[in-house]
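Grab a pencil and work through these exercises with the structure open beside you. Each one comes with a solution in steps.

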There are 2 protein chains.
Amino acid sequence: MAAILTMPAEVRARARRGEWSGTTAGHCPRYQQANLVLLPAAVAGEFASFCTRNPKPCPLIEVTPPGDPEPRLSAPGADLRNDVPSYRVYRNGELVEKRSDLREVWRDDLVGFLLGCSHTFEHALAEAGVEIRHVAYGTTVPMFISSIRCVPAGRFAGPMVVTLRPVPRSQLGLVLELSARYPHAHGVPVHVGDPGKIGIEDLARPDFGDPVPVGEDDVPVFWGCGVTPQVVAREARPELMITHEPGQMFMTDLPREALPGAWTVLGGGEKR
Amino acid sequence: MAAILTMPAEVRARARRGEWSGTTAGHCPRYQQANLVLLPAAVAGEFASFCTRNPKPCPLIEVTPPGDPEPRLSAPGADLRNDVPSYRVYRNGELVEKRSDLREVWRDDLVGFLLGCSHTFEHALAEAGVEIRHVAYGTTVPMFISSIRCVPAGRFAGPMVVTLRPVPRSQLGLVLELSARYPHAHGVPVHVGDPGKIGIEDLARPDFGDPVPVGEDDVPVFWGCGVTPQVVAREARPELMITHEPGQMFMTDLPREALPGAWTVLGGGEKR
């Protein structure tokens, strides 16, 4: 793979200039990456409900108020309209367009949802000596539409999307232990071992991203995925929904380990 | 104090029958208690933003979709319209009414926000031998409007409300360590030691709840409080906002230690 970037602001700047293509996996080891969902304010409460009821695929990191594209908690000064490498535009549940910026489709009632991403904990695994297969191959993590049903919230209902990482059997305990420390980034897996048990028939044919080789000594491990809202939208059919391109995330300035609510404010002010 | 109830469903049933008065502090040691904020869907995205940006006073446990009063994640079968002991109704930021149920003011566009509560971690402190002063006195925890400013989100901006617990100096380390385990229930304190530093002039005159004695060997310790939205509403002035009566919480069925997103789904289905 190309040289690893370490600062989120650098990735965002490249994305803004249109100089980034492909996955963000493997970059900025010390920071959190995030899925993006933009929805009109009229359905934002309903979608917030969906996220809180499905914290495995949709852990809330920050919600932005209507029309304000700056995620001032996660990345002060950043702009959700430009700083993601690539966007998808869904209308009435149908993917109608992919774009590199949102200038022409932005609206004053759009609410942004930043959801935790498994790319965040991959760095902890890599540092512990676990090979992240899609990073080694320079491809996008394989994602599958599973048969696990999300907990519904109003019109938002549907199957959970999951990511696959093949893990050598000898490292399985380590992987479970490490990923459990990142509940804000999908946390422990939703399934270990048998793809068929969660409705996945062929590991070589992911619904999003690219396939990776699964060896004889590997165990297939599946985590909740923040692409879930893009599949749920097919049934919920909101008039407009804009997301990141799967695998190409918004890079936050939040430290990798920072759990929402665990931050301390001592002595006052907006600082944290 | 009266006999301690252990099951949340029993407290909710008594509240529903109008047979509960006073604080819920000290009850249901094994479960999470929650602050309630109900807002019209039109401002729900903006308020969700405020909560995510201020996770110390407003840790999100569950959001309910418009018009649906059942918090199916936190307390399946419960009803947010009746199961809180007492409610406050704010219109355009002014407290206009206190009610014991919401039948006459419920609307199909109301979105419910359940926010973590410090009563949850009090049980962990009590089990470790820390006296919870307001529980010992059978009064409501003292709450103060501090000078700590919340991180704004659209029209939602203003000061953070904090709870006070006097802690014997010898137990301070223990209290910090234990409360840190509950980021979903305000977590570590926002200030320790000097009330004046966060704009509190007189510990004997709380803005909500009742005063408690603070001894010479006590350190005043302050935590973020889920009553913050009620004060923020005075400035944001949403046309309608309904909350719990401070100290009289919604009792959830969530285990005390259950952190959002840390729950495991293994093998599929809506179960968790």
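**Exercise 1.** Work out how many bridges join E8(A) to strand E9 of chain A, and place the two in their sheet.

*Solution.* Start with the pair itself: 2 bridges join E8(A) to E9 (residues 218-224) of chain A, and the two run antiparallel. That counts as pairing under the rule used here, in which DSSP must find at least two bridges between two strands. Strands are DSSP runs (E, at least two residues) and helices likewise (H or I, at least four), numbered from the N terminus. For a landmark, look at A:Val192, which sits opposite A:Val221 in E9(A). Now zoom out: 4 strands of chain A make an open sheet, ordered E6-E7-E9-E8, with antiparallel pairing. Strand E6 (143-149) and strand E8 (191-192) of chain A each have a single partner strand, so they stand at the edges with one side lacking a neighbour in the sheet.

A word on the ground rules: this is a predicted model, where local features need pLDDT of at least 70, side-chain atom pairs count only at pLDDT 80 or more, and totals for chains, interfaces and linings use all residues. Residues are numbered from 1 along each chain as its sequence is written, chains are lettered from A and ligands numbered from 1 in the order in which they are written, and side-chain values use heavy atoms, with hydrogens and water left out.

**Exercise 2.** Find where A:Thr140 lies, and decide: buried or exposed?

*Solution.* First, A:Thr140 belongs to the loop between helix H4 (133-137) and E6 of chain A. Next, its relative accessible area is 15%, so A:Thr140 is buried (buried is under 20%, exposed over 50%, partly exposed in between, with a 1.4 Å probe and protein chains only). Finally, check its contacts (heavy atoms within 4.5 Å): leaving out residues up to four places away in sequence, A:Thr140 touches, among others, A:Thr23, A:His134 and A:Pro246.

**Exercise 3.** Contrast the surroundings of two residues with positive phi, A:Asn92 and B:His186.

*Solution.* Recall the background: most residues other than glycine have a negative phi. A:Asn92, not a glycine, has a positive phi of about 50°. A:Asn92 falls in the loop between strand E3 (87-91) and strand E4 (94-99) of chain A, and is partly exposed at 39% relative accessible area. For B:His186, phi is near 85°. This histidine, B:His186, is in the loop between helix H5 (172-179) and strand E8 (191-192) of chain B, and counts as buried at 1% relative accessibility.
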